[in-house]
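Here are a few short exercises to work through with the model open. Try each one yourself before you read the solution.

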Amino acid sequence: MQVTMIGAGYVGLVSGACFADFGHEVVCVDKDPRKIDMLEKGEIPIFEPGLDKLVATNVAEGRLKFSMDAKAAIAEADAVFIAVGTPSRRGDGHADLTYVYEAAKEIAEHMSGFTVVVTKSTVPVGTGDEVEEIIRKTNPNADFAVVSNPEFLREGAAIADFKRPDRVVVGIPENEQGERAQEVMKELYRPLYLNETPILFTARRTSELIKYAANAFLAVKITFINEMADLCEKVGANVQEVSKGIGLDNRIGRKFLHAGPGYGGSCFPKDTLALTKTANDHGSPVRIVDTVVSVNAERKKAMAQRVITAMGGDVSGKTIAILGLAFKPNTDDMRDAPSLDMIPALQAAGATVRAFDPESMEESEKHFTDVTFCDGPYHAVEGADAMVIITEWDQFRALDLSRMAGLLRDKLLVDLRNIYVAEDAERAGLIYRAIGRPATAAVPD
């Protein structure tokens, strides 16, 4: 089938490359000339494991192309995906649909024959109705159907998530065009259907809400275990054992029960805000999610104070080594990363910051001032008073702790991801502070 992706960002590029790998003919369209130029040269503008090889393979096979010419790409397409950004709107936190509306108008102007317009971007309930209205108004004679097909891609594991998903959700309009659209979507996802991936067809508004509800529920799990971690510290319990103990219950599950500095990234912060705005607008507030948004924001801000407290309550004139800047491993995404709250707060308290992240250094330079960016974890720690692990990159999981202790002046390791065992850190000569676990004793002089 002929597929066009409007937007060659994270969702559009990953989805386009994966559809091409299924055997479809895909054109990724974007208005950013720099991005298209990079892609045509074989350069990937985002970091996602395996994406460079997947793109290169399908470009070489002629199934994947990149263009700024939306007209030709839309006219030839059986399905046009809207995969543009929907950032939080300033002022009220609602999703900014400017790019979605612009894409809908452009599609309407150039579509030819029956076309399935697929909203891949995360959008509030009712957006499909608005997209349909825009297309109908722009091109009254258009033969089309607007479909909702939310993405459930985890940064760092997006290709596997697309090719081996838990489910595919498709929301279709309840009319004759919807029936035709359903057949097109079945054909697009036929490789997954043959692998017995559950494909859930729903009404369009239901599909739009499923994405927000899913992300909000995961945000609730993360925030819940973070609050349990705080309680563990007060009562002398171990949050990792609590997490395992409740996660073994199949009704709860073990995923998203890892205590840390709070969630960030491109999805959870903006999606929880958008859901609460939609709920309030309809007079049906989601009070649990309201609380989660507030608690998570407070937690990220409190992490800097946790470090300051671990360093005796005063970091003036101290040097702190930060390991991990991106919001999670295997991505260079800095959106709503805990480091964005922590580093400025530590600097405001008088600390000097040295930092290292395996992938997000270039992106991080846009967000921080007066930070020394280092070549590796040992370089970052050299001459620092304390080290703080913010992001749990694999290469941080097997550091030489004895070497770290030798490089650190105050021998302090603040592990905000609980990737080390306290006893191992203590044997290496470190003072170890973690999340929701008993602290080690101070190392004697």
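**Exercise 1.** Find the helix that holds Phe-19, then decide: is Phe-19 buried or exposed?

*Solution.* Start with the element: Phe-19 sits in helix α1, residues 10–21. Keep in mind that this is a predicted model. Next, check the accessible area: the relative value for Phe-19 is 0%. Buried means under 20%, so Phe-19 counts as buried.

**Exercise 2.** Work out which residues Phe-19 is in contact with, leaving aside neighbours within four places in sequence.

*Solution.* Use heavy atoms within 4.5 Å as the cut-off. The list is Met-5, His-24, Val-26, Phe-81, Phe-162, Leu-188 and Tyr-189. For a C-alpha distance, try Leu-64: it is 45 residues from Phe-19 in sequence, and the two lie 9.0 Å apart in space.

**Exercise 3.** Compare the expected span of helix α5 with its end-to-end C-alpha distance.

*Solution.* Helix α5 covers residues 98–110, which is 13 residues. Multiply 1.5 Å by one less than the number of residues, and you get 18 Å. The end C-alpha atoms are 19 Å apart, so the two agree. Now look at its buried residues: Val-100, Ala-103, Ala-104, Glu-106, Ile-107 and Ala-108. These pack against β1, α4, β4, β5 and α6.

**Exercise 4.** Which members of the largest nonpolar core touch the most other members?

*Solution.* That core has 61 residues, and the answer is Ile-320, Ile-322, Met-387 and Val-388. A second, separate core has 41 residues, including Val-55, Phe-81, Val-147 and Val-168. Back at Ile-320, its contacts beyond four places in sequence include Val-307, Met-311, Leu-346 and Val-388.

Technical notes:
Residues are numbered from 1 along each chain as its sequence is written. This is a predicted model: local features need pLDDT of at least 70, side-chain atom pairs count only at pLDDT 80 or more; totals for chains, interfaces and linings use all residues. Side-chain values use heavy atoms; hydrogens and water are left out. A nonpolar core is a set of buried Ala, Val, Leu, Ile, Met, Phe, Trp, Tyr and Cys residues joined through side-chain atoms within 4.5 Å. Buried means under 20% relative accessible area, exposed over 50%, partly exposed in between (1.4 Å probe, protein chains only). Helices (H or I, at least four residues) and strands (E, at least two) are DSSP runs, numbered from the N terminus.
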